[in-house]
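Welcome! Please take a moment to look over the sequence and the model before reading on.

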Amino acid sequence: MVRGVRDTGTWCGALLLAGALAGGVSGCGPGTPPAPGGPSSASAPALPSPTTDPGTPAADPQPGEVLVEVVVSGGLAGVHNQLVVHYDGSWTSRSGSKPPRTGRQTPAEAAELRAALEDPAFALVPERPTGSPIADGFQYSVTYRHRLVVADDGARPPALERVFAALPGGGPPTSR
């Protein structure tokens, strides 16, 4: 009989552990204490929601956090340019060996860029070009929330064009 009680306690403790890890209840009944050394609801770590995107920034991103990075390469002149825009609207553009250019979007411009990036249609933009490449055309690499979208001068989806139009300078940096 003692062995049966012990087995039930072990089973119930394991069920409590599984319930705590899953964020639910154990089903061992009211008044059943957790197994010794087992988790309690007060000390159990909070688990991320299964619907939370790991790339999603905190609700209040820090001003220095990168919102989007755009790299442009190719073209007749063989450019390799980079534009980094931060959540606060500050940006830096690098082109070859030239000194970097910096600036800041107005709050309305920064909000427009965020809206274009957060548009559900942008999430549906293919991650790789789907059309035929254009000889000596540009290739655009857009990184937003740990997602990389690569496009070229061929057919670009309207959602990507909306992002490009909201970038500082009116588009990706293509000049040498």
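Here is a short tour, from the whole chain down to one helix.

A word of care comes before the details: this is a predicted model. Across the protein chain the mean pLDDT is 73, and 64% of the residues reach 70 or more. Residues 1–58 deserve some caution, since pLDDT stays under 50 over that stretch. For those residues the model has 21 contacts beyond four places in sequence.

What is the protein chain built from? It holds four helices and six strands. Read from the N terminus on, these elements follow the order α-β-β-β-β-α-α-β-β-α.

Some overall values help to set the scene. Of the 176 residues in the protein chain, 30% are buried. The chain exposes about 11,100 Å², with carbon and sulfur atoms supplying 59% of that area. Among contacts with a separation of 6 or more, 45% join residues 24 or more positions apart.

Now for a closer look at helix 4, which spans residues 158–166. Which of its residues are buried? They are A159, L160, V163, F164 and A166. Seen down the axis of helix 4, these buried residues fall within an arc of 170°, so they line one face of the helix. The general pattern behind this is that an α-helix has 3.6 residues a turn, so residues three or four places apart point the same way.

And what covers that buried face? The elements below are among those that do so.

| Covering element | Residues |
|---|---|
| Helix 2 | residues 107–118 |
| Helix 3 | residues 120–123 |
| Strand 5 | residues 138–144 |
| Strand 6 | residues 147–152 |

Key. Residues numbered from 1 in each chain as written. Predicted model: local features only at pLDDT ≥ 70, side-chain atom pairs only at ≥ 80, totals over all residues. Heavy atoms only, no water. Helix = DSSP H or I, 4+ residues; strand = E, 2+ residues; numbered from the N terminus. Buried < 20%, exposed > 50% of the residue type's maximum accessible area, 1.4 Å probe, protein only. Contact = heavy atoms within 4.5 Å. Areas by Shrake-Rupley, 256 points an atom, 1.4 Å probe, with all protein chains shown as cover. Arc of directions from axis to C-beta. pLDDT = per-residue confidence, 0-100.
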